[in-house]
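The following paragraphs lead a new reader through one structure, from the overall fold to single residues. Please keep the sequence and the model in view while reading.

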Amino acid sequence: MVSDDAAVLDDARARVVTTGTAVERFTAFARDRSPELSRIAYLLCGDTHRAADLVQLALERTYRAWGRVGDGDPFAYARKIIATARIDSWRRTRKDVLVSPTDLRPGATSDGTQHVVDRDELVRALRQLPAAQRRVVVLRYLLDRTEKQTAEDLGISVGAVKSGASRGLDRLRDVLGAEIGTPSTSRKEAQ
């Protein structure tokens with residue numbers, strides 16, 4: 001717990017505890033940022049259990065490095081651990097379990113759940129992208145990272161981020177257009 005005399009800085013995205021013991025600061029960080037880390041992990045791997053494992057690994061490694069990263073940007077450090085661990089796990093197994101596109105279509109839903117259905121369609125469409133393109137699209141557009149930040153997080157060049165994002169978005173347009181029954185035109189077809 002954070003003591004009453006701890007200075008807390010609030011902004012729209014983060015709550016940074018600036019005093020207290022290292023354990024208290026890490027606990028506040030883990031409590032406040034775990035939902036965001038879980039969302040990132042789920043979007044990268046598409047599996048709730050793997051995402052929970054990635055978040056646990058990220059929090060463990062962030063805690064061990066807290067002396068180095070606690071005063072900087074621990075969220076960026078944890079996010080990079082998640083991205084790197086996901087890449088490493090894919091390299092070890094060289095497989096992803098993909099669901100048949102016919103199994104991906106949701107049934108009839110009420111209007112109150114349309115947001116959830118739209119999000120689910122997006123996540124399922126992201127699963128159909130190759131892993132490298134999915135990582136670029138998630139970091140670049142869903143997490144609103146710059147091209148340079150995305151390249152640094154993934155350890156690739158800015159050009160690879162640009163081409164991966166372009167190809168990934170074209171593929172998403174094709175997949176999402178087919179799912180909702182609207183013809184999509186990629187940039188190549190439009191030219």
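**Helix pairs, core and single residues**

The crossing of α6 and α7 is right-handed. On the α6 side the contact is made by Arg135, Val136, Leu139 and Arg140, and on the α7 side by Glu147, Thr150, Asp153 and Leu154. Two packed helices are described by the angle between their axes and the distance between the axes. For α6 and α7 the angle is about 135° and the axes are 9 Å apart. α6 therefore counts as oblique to α7, because an angle has to be over 145 degrees to count as roughly antiparallel.

The loop between these helices, α6 and α7, holds aspartate 144. Its phi is near 55°, which is a positive value in a residue other than glycine. Is aspartate 144 buried or exposed? Its relative accessibility is 65%, so aspartate 144 counts as exposed.

Now to the whole chain. The model is a predicted one. The protein chain contains nine helices and two strands. Starting at the N terminus, the order is β-β-α-α-α-α-α-α-α-α-α, with both strands ahead of the helices. The chain has 191 residues, and 37% of them count as buried. Its accessible surface is about 11500 Å², and carbon and sulfur atoms hold 53% of that area. Among contacts with a separation of 6 or more, 53% join residues that are 24 or more positions apart.

The next topic is the interior. In soluble globular proteins, nonpolar side chains tend to be buried together. In this model the largest nonpolar core has 37 residues. Phe29, Leu37, Leu59, Ile82 and Leu126 have the most contacts inside this core. Two or more core residues come from each of α1 (22-45), α2 (48-64), α4 (74-93), α5 (114-127), α6 (131-142), α7 (147-154) and α8 (158-179). The most come from α1, which gives nine residues. Isoleucine 82 shows some of the contacts in detail: leaving aside residues up to four places away in sequence, isoleucine 82 touches Leu37, Ile40, Ala41, Leu44, Leu54, Val55 and Ala58.

A second helix pair is formed by α1 and α2. Their axes are 8 Å apart, at an angle of about 145°, and the crossing is right-handed. The residues of α1 that meet α2 include Val23, Phe26, Phe29, Ala30, Leu37 and Ala41. Among the residues of α2 on the other side are Thr48, Ala51, Leu54, Val55, Leu59 and Tyr63.

One residue of this pair can be followed further. Alanine 51 lies in helix α2. Because its relative accessibility is 5%, alanine 51 counts as buried. Apart from residues up to four places away in sequence, alanine 51 touches Ser38, Ala41, Tyr42 and Cys45. Alanine 51 and leucine 37 are 14 residues apart in sequence, and their C-alpha atoms are 8.8 Å apart.

The last stop is helix α8, where arginine 171 is found. How exposed is arginine 171, and what is its relative accessible area? The value is 35%, so arginine 171 is partly exposed. Arginine 171 touches Gln128 and Leu129, again leaving aside residues up to four places away in sequence. Arginine 171 and alanine 125 are 46 residues apart along the chain, while the C-alpha to C-alpha distance is 8.8 Å.

How values were computed
Residues numbered from 1 in each chain as written. Predicted model: local features only at pLDDT ≥ 70, side-chain atom pairs only at ≥ 80, totals over all residues. Heavy atoms only, no water. Helix = DSSP H or I, 4+ residues; strand = E, 2+ residues; numbered from the N terminus. Buried < 20%, exposed > 50% of the residue type's maximum accessible area, 1.4 Å probe, protein only. Contact = heavy atoms within 4.5 Å. Areas by Shrake-Rupley, 256 points an atom, 1.4 Å probe, with all protein chains shown as cover. Core = buried A, V, L, I, M, F, W, Y, C linked by side-chain atoms within 4.5 Å. Axes fitted to C-alpha atoms, helices over the stretch in contact; angles between N-to-C directions. Parallel < 35°, antiparallel > 145°, perpendicular 65-115°, else oblique. Left-handed = near helix turned anticlockwise from the far one by under 90°.
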